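User: I should like to go through this structure and ask, point by point, what justifies each description. Please set each value against the rule that it has to meet.

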Amino acid sequence: MNTTPRRTFLPAALRTPGRWAVLPAAVLAGAVLGGGYGALKTPQYAATSYVIVVPAEKSDPAAALGFAQAYGRVATDIAVTGDAQVWAGVTADTLRKSVQAATSPDAPMISITAKAEKPAKAVSMADGVARALVLNSTHVAGSTGVKVVQFSRATKPVAPVSPSAPLSALVGGCAGGLLGGLALLVRPKRAAARGEARHSRQAAATSGATSSAAVPAPAAAAHQPEAV
């Protein structure tokens, strides 16, 4: 009877506990990279100017809402073709990249938001685009039946809208932890599959050796005297 105790094979993740150090290392690396990015990146300031589309005399008031949507889609194009880039002191490409216009589905109002490295520059770009819309609507008011009116000028921002270094570090740490967790989920499965395959081969070899030892050798044939 074979009395050799059977070996217990632990999962690969438990046999190599040092692998779990990947998770805190990934979190730390992500936090360092995110914090460094937030500290080195130039802060961005945002300023918003508002204009409203009003119908002219004897015009359909409902048309103002439709023209507000149209002006919102082409706000930066109108600003570039006008004098907005001259008033803001920036190039046309900067104006297109740094200015966004948003409209409301319920009111004929357009918000013009500009982002820049300096608060004063953001204000000048937002107000410049708004002024370009007002002038353009005045030139075509005879055919459109509406005009754009300045509703609220942009105010100088006091705080940047770009993420700070602590917030960037937090986001980077979360991203690093997520990537580290995914690495832990993928790698142990591969290691466990290799360990199970190796265990199967060892078990098969041990079983074959035990079977060979347990089967008795065939008895020697009895000696028969030869006939004379």
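User: What separates Lys97 and Asp93 along helix α6?

Analyst: In this predicted model, Lys97 and Asp93 are 4 residues apart in helix α6, so about one helical turn separates them.

User: Why is the contact between Lys97 and Asp93 called a salt bridge?

Analyst: The side chains of Lys97 and Asp93 meet at 3.2 Å, N to O. The rule asks for a Lys or Arg side-chain nitrogen within 4 Å of a carboxyl oxygen of Asp or Glu, so the pair qualifies.

User: Which of the terms buried, exposed or partly exposed applies to Lys97, and which to Asp93?

Analyst: Lys97 has a relative accessibility of 64%, and exposed means over 50%, so Lys97 is exposed. Asp93 has 43%, which lies between the limits of 20% and 50%, so Asp93 is partly exposed.

User: How many salt bridges does the rule yield?

Analyst: The count comes to 3 salt bridges. Another of them joins the side chains of Asp77 and Arg96, at 3.9 Å from N to O. That value is within 4 Å, so this pair also meets the rule.

User: What makes the pair of Asp77 and Arg96 a tie between parts of the chain?

Analyst: Asp77 belongs to helix α4 (residues 75-81) and Arg96 to helix α6 (residues 92-98), so the salt bridge ties together parts that are 19 residues apart in sequence. Asp77 is partly exposed at 39% relative accessibility, and Arg96 is partly exposed at 45%.

User: How do you know that Arg153 and Asp127 form a salt bridge?

Analyst: Their side chains meet at 3.4 Å, N to O, and a distance within 4 Å is what the rule demands, so the term applies. Arg153 and Asp127 lie 26 residues apart: Arg153 is in the loop between β4 and α9, whereas Asp127 is in helix α7 (residues 119-139), and the pair thus links distant parts of the chain.

User: What are the relative accessible areas of Arg153 and Asp127, and what follows from them?

Analyst: Arg153 has 56%, which is over 50%, so Arg153 is exposed. Asp127 has 11%, which is under 20%, so Asp127 is buried.

User: Which residues does Asp127 touch, leaving aside its neighbours within four places in sequence?

Analyst: Asp127 is in contact with Ser49, Arg153 and Ala154.

User: What is the order of the strands in the sheet, and why are β2 and β4 called edge strands?

Analyst: The sheet is open, has 4 strands in the order β2-β3-β1-β4, and is paired antiparallel. β2 (99-103) and β4 (146-152) each have a single partner strand, so one side of each is left without a neighbour in the sheet, and they stand at the edges. On average, neighbouring strands of this sheet are turned by 25° against each other, direction ignored.

User: What makes β1 and β3 a pair?

Analyst: Strand β1 (residues 45-55) and strand β3 (residues 109-116) run antiparallel and are joined by 8 bridges. Pairing requires at least two bridges, so the criterion is met. Within this pairing, Ala46 stands opposite Lys115 in β3.

User: Which helix lies across β1, β2, β3 and β4?

Analyst: Helix α3 (residues 61-73) does, running at about 145° to β1. Gly66 lies in helix α3 and is partly exposed at 43% relative accessibility. Gly66 and Pro105 are 39 residues apart in sequence, while their C-alpha atoms are 9.3 Å apart in space.

User: Why can Val186 belong to a surface patch?

Analyst: Val186, found in helix α9 (residues 165-214), has a relative accessible area of 41% and is partly exposed. A patch takes residues with over 30%, so Val186 passes that limit. Val186 forms a nonpolar patch with Leu178, Leu179, Leu182 and Leu185, and their accessible area together is about 500 Å².

User: How many helices and strands does the protein chain have, and what share of its residues counts as buried?

Analyst: The protein chain has 9 helices and 4 strands. Of its 228 residues, 27% count as buried.

Definitions and conventions:
Residues numbered from 1 in each chain as written. Predicted model: local features only at pLDDT ≥ 70, side-chain atom pairs only at ≥ 80, totals over all residues. Heavy atoms only, no water. Buried < 20%, exposed > 50% of the residue type's maximum accessible area, 1.4 Å probe, protein only. Axes fitted to C-alpha atoms, helices over the stretch in contact; angles between N-to-C directions. Contact = heavy atoms within 4.5 Å. Patch = residues over 30% accessible without salt bridge, like charges linked within 9 Å, V, L, I, M, F, W, Y side chains within 5 Å. Areas by Shrake-Rupley, 256 points an atom, 1.4 Å probe, with all protein chains shown as cover.
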